[in-house]
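Let's take a walk through this one together, stopping at a pocket, a few helices and a couple of backbone oddities. Have the viewer open as you read.

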Amino acid sequence: MPKIFLIDVTNRDGVQTAHLGLAKIEKTIVNMYLNEMGVTQSEFGFPTTHHETNYLNANLELAEMGVLTPIRLSGWMRAIKADVETAYQLVPKLKYLNLSISTSDQMLSGKFQGRMTRDDIIHSMTEAAQTAIQLGAIGVGVNAEDASRTDVEFLIDFAIAGKEAGAERFRYCDTLGYDSPFSIYDRILKIAEASKMPIELHCHNDLGMAVANSISGAKAAIDAECDVYINTTINGIGERAGNADLITVILAIKYANYFDNENYSFLENVNLKAAWKTCKYASYAFKVPIPITQPGVGANAFAHASGIHADGVIKDRKNYELYDYEELGRGEPELIETGRQIVVGEYSGIRGFRNVYDNLAVEFKNEEEARKILELTRFANVEKQKPLVEEELLFIASYPEQARKILTLAP
């Protein structure tokens, strides 16, 4: 029976959002939260980009150590042989990746300016996929950028060529959010039936339909008896109007009419209990508030003002709530410090530092170890340019060598 998997692209598409970004330690914490949530794969960065190199290698070390498992860490790059070769020179232990190239006539004329034909596109993609597998990749996705504006017959040729080259997934990119739930169902059904290949859905929200399109496309793949991978970002943060929101996609698959039956509930190992803290951390790291109407995690998601609604939900929450707030990890008491507060900053001294870690119940073997961690926390504050939070402090103390690499940017 086909299954639905999640590939979160917060650390790739999310960080490409204009005016936003994440420090490398924040990207690492995002990976850890995605792992806790049971997300299948995190597209964790750009292996050809030099300032990502230490972060990527350190996160792969964390995977080898069993810290970032079972989540798969995948890189993104252009579907060009030279890019793949560069990626494996910089990040030799990379096992999963997505190779992207534009496929629409608009991009052929408007982006490539006539320098590439459809045959050139397929050749570049297959050559890159074969090179990646030769260099050690075990899970390759081939991306058709602007797939929603690409002739479906060419997409079928593209997918089959990728499959023959050894790719495990075909990524259908609704790059401009152009699709509707109706068009994407028809197109994905044709591609999946013809290629018999797992389908990956990458939907943008320019028309407000990223989640709906992802769900409709997933149904098409499943109806064609193919596995499906849905791309998401935390809080829907992504280029322009954003991407399909991680929590909304999970809730839709779990509770939406038609999907809430035994034929479609395939999100194995998903831990929705970690949703609240994951979304709160991403909101803090990106400096973007969670909209009050955000499904599941918005401030108003379980708030009732209408007399009729309030009366109904007090009698039985199912009258006006589709799911429980506790299911998303909400409702736990939160500690809010008042009065005197000591924080760790880029100019912190050892006494204040020790006070903060004492409150986190972290003990150091000796003064030398404490000062080593203090130095790392100072660098982390410089990189982030905002105070470290508990998750980051604990990470640095627990994995200092990996933290050192993550915090090292070499021009």
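In this predicted model, the second largest pocket is lined by 21 residues. If you want to find its centre, look for Trp 76, Ser 100, Ser 102, Lys 111 and Glu 145, which lie nearest to that point. The volume comes out at about 300 Å³. Which strands feed the lining of the second largest pocket? At least two residues each come from β3 (72–78), β4 (96–102), β5 (139–145) and β6 (169–174). Of these, β4 gives the most, with three residues. As for chemistry, the lining of the second largest pocket is a mix of eight polar, seven charged and six nonpolar residues.

Now swing over to the helices, and start with α5 (residues 118–134). Its axis and that of α6 (residues 152–164) come within 9 Å and cross at roughly 25°. Angles under 35 degrees count as roughly parallel, so α5 is roughly parallel to α6. The handedness of this crossing is right-handed. On the α5 side, the contact is made by Arg 118, Ile 121, Ile 122, Met 125 and Thr 126; on the α6 side, they meet Phe 154, Asp 157, Phe 158, Ala 161 and Gly 162. Sort the residues of this α5–α6 contact by class and you get six nonpolar, two polar and two charged.

Helix α5 has another partner to look at: α3 (residues 81–90), with the two axes coming within 8 Å and crossing at roughly 20°. These two helices are therefore roughly parallel to each other as well, and α3 passes α5 in a right-handed crossing. Here Lys 81, Val 84, Glu 85 and Tyr 88 from α3 meet Glu 127, Ala 128, Thr 131 and Ala 132 from α5. The class split for the contact of α3 with α5 is four nonpolar, three charged and one polar.

Before you close the viewer, check two spots in the backbone. Where does Pro 70 sit? You'll find Pro 70 in the loop between α2 (53–64) and β3, and the peptide bond joining Thr 69 to Pro 70 is cis, with omega at about 10°. The other spot is His 19, in the loop between β1 (4–8) and α1 (24–37). Phi of His 19 is near 75°, which is a positive value in a residue other than glycine.

Conventions: Residues numbered from 1 in each chain as written. Predicted model: local features only at pLDDT ≥ 70, side-chain atom pairs only at ≥ 80, totals over all residues. Heavy atoms only, no water. Axes fitted to C-alpha atoms, helices over the stretch in contact; angles between N-to-C directions. Helix = DSSP H or I, 4+ residues; strand = E, 2+ residues; numbered from the N terminus. Parallel < 35°, antiparallel > 145°, perpendicular 65-115°, else oblique. Left-handed = near helix turned anticlockwise from the far one by under 90°. Contact = heavy atoms within 4.5 Å. Nonpolar A, V, L, I, M, F, W, Y, C, P; charged D, E, K, R; others polar. 1 Å grid on protein atoms, 1.4 Å probe; cavity = no way out; pocket = protein on both sides within 12 Å on 5 of 7 lines; lining within 4 Å. Points joined across faces, edges and corners; volume = space filled by probe spheres on them.
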